[in-house]
4 protein chains.
Amino acid sequence: MVGSKRSAGDVATTGSRRRAELLAIAADLFARRGFVVTTVREIADAAGILSGSLYHHFDSKESMVDEILREFLGYQQELYAEVLREEHDPRTTITELVRRSFQAMDRYRSAVTIYQNEAKHLAQFDRFAYLRRAGNDFERTWTKVLQQGQRDGVFRDDLHVKIAYRFIRDTVWTTVHWYNPRGRLNAQVIADQHVTLLCEGIMAPRA
Amino acid sequence: MVGSKRSAGDVATTGSRRRAELLAIAADLFARRGFVVTTVREIADAAGILSGSLYHHFDSKESMVDEILREFLGYQQELYAEVLREEHDPRTTITELVRRSFQAMDRYRSAVTIYQNEAKHLAQFDRFAYLRRAGNDFERTWTKVLQQGQRDGVFRDDLHVKIAYRFIRDTVWTTVHWYNPRGRLNAQVIADQHVTLLCEGIMAPRA
Amino acid sequence: MVGSKRSAGDVATTGSRRRAELLAIAADLFARRGFVVTTVREIADAAGILSGSLYHHFDSKESMVDEILREFLGYQQELYAEVLREEHDPRTTITELVRRSFQAMDRYRSAVTIYQNEAKHLAQFDRFAYLRRAGNDFERTWTKVLQQGQRDGVFRDDLHVKIAYRFIRDTVWTTVHWYNPRGRLNAQVIADQHVTLLCEGIMAPRA
Amino acid sequence: MVGSKRSAGDVATTGSRRRAELLAIAADLFARRGFVVTTVREIADAAGILSGSLYHHFDSKESMVDEILREFLGYQQELYAEVLREEHDPRTTITELVRRSFQAMDRYRSAVTIYQNEAKHLAQFDRFAYLRRAGNDFERTWTKVLQQGQRDGVFRDDLHVKIAYRFIRDTVWTTVHWYNPRGRLNAQVIADQHVTLLCEGIMAPRA
DNA sequence: CATGAATGAGGGTTCATTCAT
DNA sequence: TATGAATGAACCCTCATTCAT
């Protein structure tokens with residue numbers, strides 16, 4: 001959609017299979033090596049073409065990340081919206097939000113890494129203003145649940161909500177840096193471990 | 001082509017006041033803008049000199065981060081060693097480790113940010129191999145305490161130590177991204193909030 | 001920091017017509033002005049392109065001289081090998097070696113000049129270690145013939161072979177500094193004058 | 001004299017002992033590493049001072065070579081003039097010229113190397129126009145003797161004087177590249193070997 | 001769709017030189 | 001005399017991007 005070079009009359013604005021392949025290759029490199037240090041030539045090399053040829057598919061290097069991030073962000077937002085529509089009690093909501101975060105991570109691994117690593121840097125450009133908005137949306141989603149939980153007496157009332165939010169966010173998102181989707185621990189397991197740690201802490205339950 | 005540089009009588013390693021100033025300026029920029037995207041010209045501009053003049057003090061842009069990171073890492077390692085020498089019980093040890101982490105963050109704010117953001121990228125170069133070593137040292141320190149706590153029955157025994165370590169590390173270190181040292185919440189307060197969340201979780205204590 | 005460059009599908013080593021042109025331009029400048037003082041901008045200017053564009057064809061300024069020298073050296077070594085295979089008597093061998101030296105000089109004029117002027121300086125870098133090897137090969141070739149000639153009684157036996165070799169080498173190679181391929185004296189004539197001087201000296205033959 | 005920073009009223013315009021030391025250090029580096037690639041910092045390092053401090057003694061890096069070359073050139077010209085004043089027969093003159101060349105080489109080793117390597121490059125600047133003049137003087141000196149020798153029938157009459165001159169010059173001067181003043185072969189011996197080779201060639205004398 | 005050649009802006013770095021102290 | 005900090009110009013090289021073929 002964004003940055004597509006297809007003309008108006010095109011049926012499939014999101015482009016061909018080749019496009020998707022290239023995007024996956026780029027996402028992988030951006031995630032592993034960083035957006036700034038990844039050169040378009042590296043992407044092209046990995047795709048087996050010359051760097052100039054990439055410009056038949058994309059307007060610019062920026063438009064590649066743009067597309068990568070938008071797709072992930074849309075997916076994540078939809079998953080969160082789902083949870084909210086289901087109207088669980090606060091603890092279950094938290095649990096579900098964490099689970100869906102890991103679900104998105106499972107599907108858009110590279111994109112999450114990129115978001116985690118580069119959002120702050122990219123957000124300063126107008127083109128990526130939506131990254132700020134998405135961040136704020138996420139914050140609102142989580143803090144609302146936390147506040148509700150406090151009102152219900154289910155979360156500790158000495159909780160500094162903003163800190164707690166960041167605490168949760170950091171833990172969940174940064175998992176992407178070490179989480180190995182092909183390892184023994186699948187997303188579900190890790191998600192549940194996280195929820196437990198989040199809710200009960202590391203201390204052994206007293207009797 | 002050639003290689004060596006600086007020799008007898010030169011300042012590059014001696015450390016003068018000016019040097020320290022320049023290093024602080026560089027650290028600030030590296031932290032705020034990222035190491036890769038920060039240009040030596042920006043550093044020089046911020047210092048009110050020409051870019052070439054930086055090379056009177058430093059061998060390269062790399063040697064600047066190098067120095068910045070080494071100083072922080074040395075300090076942090078010393079603080080952790082102190083804690084271990086004090087031989088507290090596991091929970092107190094955790095508490096103290098968290099506190100000293102925030103203490104280091106207070107003193108080497110920019111360095112911590114840089115470490116957080118760039119370590120992974122830099123560590124791939126021989127020159128920064130010590131970043132990997134330091135990371136491993138930190139991991140060992142924390143996991144030992146967690147394991148001891150489990151053996152003592154004070155930490156939950158269904159705890160996946162490696163995950164817990166990363167959980168803690170992520171939460172503590174990424175704080176640097178939003179923690180404002182001039183804000184109302186000082187390092188001590190935030191550290192203690194963290195320990196509470198870490199230990200008891202976000203749930204209200206039962207009865 | 002990183003290092004590698006160029007990869008699959010790239011031209012850097014393939015050699016196209018444009019490449020050869022650029023190499024010739026570079027060789028000419030390196031020979032006339034010196035490798036160190038010749039800037040890539042000068043080369044690019046002479047070629048009517050921008051300096052950056054050179055890097056579409058070559059990895060570096062160094063790799064340009066490298067290629068220039070290797071080609072000449074390979075040619076010269078082949079010519080010498082030919083002479084040896086022909087198994088002449090010592091004096092004829094010397095004559096032929098001199099002739100082929102001038103032949104190589106005729107074909108790779110700039111390269112010879114560069115070799116003459118810069119080999120010593122370049123050879124100190126690993127990349128150009130082959131310059132030392134080539135030099136040693138040349139020395140071995142010549143000294144063997146000189147020694148054989150002495151054993152045969154055709155060369156004076158008070159000849160200090162190493163000195164004689166250098167004597168010959170210096171005379172032959174440095175010719176490139178003033179030899180004008182478009183002048184009246186062609187390579188053959190000069191070569192023969194050299195052989196005469198080398199063999200009989202400047203004195204008039206006695207009776 | 002040239003490039004001196006001493007003021008008009010100074011008695012010793014050539015400067016102090018320190019000056020001479022620095023000049024020797026510079027000459028050594030220029031000879032070994034090349035004028036262009038030798039940095040003023042290297043010179044300063046070798047002298048145990050900072051690069052800026054050199055400018056208390058010399059106007060510029062150029063003025064250093066300038067002084068080095070002028071001194072050698074003056075000496076050499078004087079030696080040649082001496083030979084001519086002695087009015088020997090052609091062969092003896094040649095012998096003496098070669099000997100005095102080696103004598104100058106012995107005394108101004110570095111300067112000769114520099115002259116050999118850099119004269120062509122430096123001569124293109126107005127400041128070093130005297131290098132061209134000196135070169136022409138040398139040529140005139142040698143060719144006159146060669147021509148006289150031909151007229152006298154002592155040198156072969158099929159000798160191409162210009163080629164012969166260059167032949168001699170190249171052999172004599174380039175010796176500096178490998179001649180080791182501390183080796184077994186002293187200047188006198190090498191000079192005489194040279195004269196023999198020059199006059200009789202490498203062929204064994206017939207019967 | 002892809003290639004191959006080029007652009008143009010900018011990046012890190014070097015180095016002779018200056019000058020107040 | 002020497003230091004130490006700085007200048008300013010230039011250098012090699014990188015890289016996203018363009019475009020004729």
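Q: What makes the pair formed by a polar backbone atom of Lys61(A) and a phosphate oxygen of DNA strand F a polar contact?
A: The two atoms are 2.9 Å apart, and a polar contact is a pair of N or O atoms within 3.5 Å (within protein, one must be able to donate a hydrogen and the other to accept it, and residues adjacent in sequence count only if both atoms are side-chain atoms), so the pair meets the definition. This is a predicted model, in which local features need pLDDT of at least 70, side-chain atom pairs count only at pLDDT 80 or more, and totals for chains, interfaces and linings use all residues, while side-chain values use heavy atoms and leave out hydrogens and water. Residues are numbered from 1 along each chain as its sequence is written, with chains lettered from A and ligands numbered from 1 in the order in which they are written.

Q: Which side chains make polar contacts with a phosphate oxygen of DNA strand F?
A: An N or O atom in the side chain of Tyr55(A) is 2.7 Å from a phosphate oxygen of this strand, and a polar side-chain atom of His57(D) lies 2.8 Å from one.

Q: What makes a residue count as near DNA strand F, and how many residues surround the strand?
A: One of its heavy atoms must lie within 4 Å of the strand, and 32 residues surround DNA strand F, the closest being Leu50(B), Ser53(B), Tyr55(C), Ser53(D) and His56(D). Of the strand atoms that come within 4 Å of the protein, sugar and phosphate account for 63%.

Q: How do you know which parts of DNA strand E the protein meets?
A: Sugar or phosphate supplies 62% of the strand E atoms within 4 Å of the protein, and bases supply the rest. Polar contacts illustrate both kinds: a polar side-chain atom of Arg41(B) lies 3.0 Å from a base nitrogen, an N or O atom in the side chain of His56(C) is 3.3 Å from a base nitrogen, and a polar side-chain atom of Ser53(C) lies 3.0 Å from a phosphate oxygen.

Q: How do the residues of the surface near DNA strand E divide by class?
A: There are 8 nonpolar, 19 polar and 8 charged residues, where Ala, Val, Leu, Ile, Met, Phe, Trp, Tyr, Cys and Pro count as nonpolar, Asp, Glu, Lys and Arg as charged, and the others, Gly among them, as polar.

Q: Why is the space lined by Tyr80(B), Phe138(B), Trp142(B), Tyr165(B), Arg169(B), Val172(B) and Trp173(B) called a cavity?
A: On a 1 Å grid over the protein atoms alone, a cavity is a set of points where a 1.4 Å probe fits but cannot get out, and its lining residues have an atom within 4 Å of a point; the search finds 2 cavities of 30 Å³ or more, and the one lined by these residues is the largest. Its volume is about 40 Å³, and its lining has 6 nonpolar, no polar and 1 charged residues.

Q: What makes chains C and D copies related by a two-fold rotation axis?
A: A rotation of 180° with 0.1 Å of shift along its axis superposes chain C on chain D with an RMSD of 0.1 Å (least squares on the C-alpha atoms of residues with pLDDT of at least 70 in both), and the two copies are thus related as by a two-fold rotation axis. In chain C, the C-alpha nearest the axis belongs to Gly201(C), 1.9 Å from it.

Terms used. 1 Å grid on protein atoms, 1.4 Å probe; cavity = no way out; pocket = protein on both sides within 12 Å on 5 of 7 lines; lining within 4 Å. Points joined across faces, edges and corners; volume = space filled by probe spheres on them.
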